Amino acid sequence: MNLHPTPHNSRANRGTRRLAALAAVAAMVVAGVQAGSAVASPGDDDARTAAAAPSTAAALGVNPSAQRATAIKSAQADASSAAKALKLGGQEKLIARDVIKDAQGTVHTRYERTYDGLPVLGGDLVTHTAAGKLKGVDKATDAKIAVASTTPKLKAAASARKVIYAAEGNPVLAWETVRKGVQKDGTPSRVHTITDATTGEKLHSYEAIETGTGTSQYSGEVELTTTKTDAGFELTDGERGGHKTYDLNQGSSGTGDLVTDDDDAWGDGTGADRQTAAVDAHYGAAKTWDFYKTALGRDGIAGDGKAAYSRVHYGENYVNAFWDDSCFCMTYGDGEGNQNALTSIDVAAHEMTHGLTSATANLDYAGESGGLNEATSDILGASVEFFADNASDAGDYLIGEKIDINGDGTPLRYMDKPSKDGSSADFWDENLGDIDVHYSSGVANHFFYLLAEGSGKKTINGVDYDSATSDGSTLTGIGREKAYQIWYKALSVYMTSTTDYAGARVATEKAATDLFGADSEELKAVSATWTGVNVK
């Protein structure tokens with residue numbers, strides 16, 4: 001998704017054997033691999049953050065890629081039993097997407113759903129099982145999946161896909177079409193439109209393009225992991241899933257050329273050197289990978305140990321960056337005058353996190369779920385920046401402050417008071433789902449800042465903040481580490497494609513309970529903070 005908008009402006013208690021099948025994958029998953037968290041997070045709250053933080057790997061659940069693949073295969077083998085245990089209809093089938101076992105021994109299995117062989121959009125669900133018993137289910141929809149007929153009354157383009165649309169109200173037979181093109185700012189466009197196959201009514205639409213040693217432009221002199229070749233060196237990171245960085249040479253398709261160098265000394269820190277943007281992109285990808293691995297216990301974006309890739313020098317004077325699921329890649333423009341590439345640490349992490357969201361909750365990129373999708377990228381983007389502990393780009397709660405996208409030195413977004421950008425929302429209201437997702441994200445960004453740091457005035461790494469609540473309450477933060485652990489756990493095991501702000505409150509409260517306990521101060525803080533941004 002774009003880093004910024006395009007200008008224009010349960011329950012179950014039957015069949016012990018069936019329920020046990022839901023938890024059978026537990027034996028296939030490792031609960032944790034290491035103790036402690038190695039987050040390098042400068043600031044006044046370091047001691048507070050580390051003092052009572054749970055063991056990250058054990059608490060969140062670690063699935064090395066090979067074990068994850070085995071666990072998913074096992075879950076898929078038991079999918080029919082799981083469907084019966086959940087009392088799904090005879091025409092429904094489950095497709096296992098992910099399996100996570102946490103420190104409490106709970107196995108969280110994420111499924112997609114089909115009906116008579118058709119994909120059910122908005123039919124995803126997550127089961128939570130322990131000791132052979134179903135503890136709960138989180139569903140994207142509670143509606144019964146059934147349609148009168150799977151034969152459409154209206155024809156569609158040959159490229160259209162027949163689906164069941166269940167994200168809103170009663171499920172209906174529908175056509176999904178994809179229109180490719182270019183947005184006004186030069187960003188590629190891939191608009192998905194869902195149309196009722198009986199009446200022709202437009203049901204839903206969303207944009208699938210998710211915007212988002214060398215001398216770098218923003219991070220100073222940094223270490224890069226490269227690969228030696230017969231001809232010299234290339235930007236291939238063999239330590240992080242084989243991540244590669246390509247130069248598009250101002251093109252807008254394909255991969256361009258793999259960035260190479262004769263002596264393994266890359267870039268000169270200015271936009272005039274073509275390698276500099278590649279240094280920043282390669283470094284940002286490495287730091288994001290390390291944060292996922294160290295702080296979240298996750299083996300790559302999709303949890304499968306495989307890297308995405310980066311493309312720099314996209315288009316002419318392109319002032320944006322984006323993530324594209326179809327190529328599993330990040331793409332960066334060079335900004336005005338092709339001199340200020342959008343490759344700072346928080347932007348790189350923002351784009352990669354869109355891939356993480358797609359691989360987990362797959363939050364629909366529209367309405368309130370779209371705002372939560374954008375906020376997740378901002379939240380973890382800021383967290384990666386703190387984690388990187390880079391003196392040239394110290395951690396802060398400003399988004400895109402280094403890339404000067406506004407041309408006046410101001411950041412793209414502010415987490416302590418989102419409305420400072422002139423468009424984002426500080427607090428929830430009933431119209432939030434009607435505004436651009438980059439602005440509705442403000443409520444979740446504000447929640448995260450308040451949860452981590454608390455309300456009122458403070459200075460962190462030389463940046464002044466002043467954050468207020470909607471009800472005038474005073475909040476004390478629990479620290480960044482606990483805050484992002486709670487958000488990630490909620491995203492990875494409790495949120496679904498249709499989660500809205502009320503659902504995000506429930507999901508993070510569940511996550512805080514899992515991580516810190518039902519009587520914990522952390523859980524109380526999560527609840528109080530949501531109330532503080534008017535999500536009740």
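1. A quick word on terms before the salt bridges: a residue is called buried when its relative accessible area is under 20%. Bear in mind, too, that this is a predicted model. By that cut-off, arginine 113 and glutamate 92 are both buried. They form a salt bridge with each other, and their closest N and O atoms sit 2.8 Å apart. The pair joins distant parts of the chain: glutamate 92 belongs to strand 1 (residues 92-101) and arginine 113 to strand 2 (residues 107-115), with their positions 21 residues apart.

2. Next, have a look at glutamate 234 and lysine 244, whose side chains meet in a salt bridge at 3.8 Å, N to O. Glutamate 234 is in strand 14 (residues 232-234) and lysine 244 in strand 16 (residues 243-247), so this pair ties together parts ten residues apart in sequence. The two partners don't share a burial class: glutamate 234 has 17% relative accessibility, so it counts as buried, while lysine 244, at 26%, is partly exposed.

3. Helix 12 (residues 501-516) holds a local example, with arginine 505 and glutamate 509 four residues apart, or about one turn of the helix. They form a salt bridge whose closest N and O atoms are 3.0 Å apart, and both residues are buried.

4. How many salt bridges turn up in the whole structure? The search finds 19. Worth a click in the viewer is the network of salt bridges that links Asp102, Lys489 and Asp514.

5. On to the nonpolar packing. The largest nonpolar core has 92 residues, and the members touching the most others are Phe291, Tyr397, Met495 and Trp530. Helix 6 (residues 274-296) is the top contributor to this core, giving ten residues. There is also a second, separate core of 16 residues, with Ala79, Leu94, Tyr111 and Leu125 among them.

6. Tyrosine 397 deserves its own point. Leaving aside residues up to four places away in sequence, its contacts include the aromatic side of the list, Phe386, Tyr414, Phe448, Tyr449 and Tyr465. Tyrosine 397 also touches Arg413, Glu453 and Arg480, along with Met415, Ala452 and Ile460.

7. Finally, the pocket. The largest one has a volume of about 980 Å³. Which of its 39 lining residues are the closest to the centre? Those are Leu121, Glu176, Tyr206, Asn362 and Asp364. By class, the lining splits evenly, with 13 nonpolar, 13 polar and 13 charged residues.

Definitions and conventions
Residues numbered from 1 in each chain as written. Predicted model: local features only at pLDDT ≥ 70, side-chain atom pairs only at ≥ 80, totals over all residues. Heavy atoms only, no water. 1 Å grid on protein atoms, 1.4 Å probe; cavity = no way out; pocket = protein on both sides within 12 Å on 5 of 7 lines; lining within 4 Å. Points joined across faces, edges and corners; volume = space filled by probe spheres on them. Nonpolar A, V, L, I, M, F, W, Y, C, P; charged D, E, K, R; others polar. Salt bridge = Lys/Arg side-chain N within 4 Å of Asp/Glu carboxyl O. Helix = DSSP H or I, 4+ residues; strand = E, 2+ residues; numbered from the N terminus. Buried < 20%, exposed > 50% of the residue type's maximum accessible area, 1.4 Å probe, protein only. Core = buried A, V, L, I, M, F, W, Y, C linked by side-chain atoms within 4.5 Å. Contact = heavy atoms within 4.5 Å.
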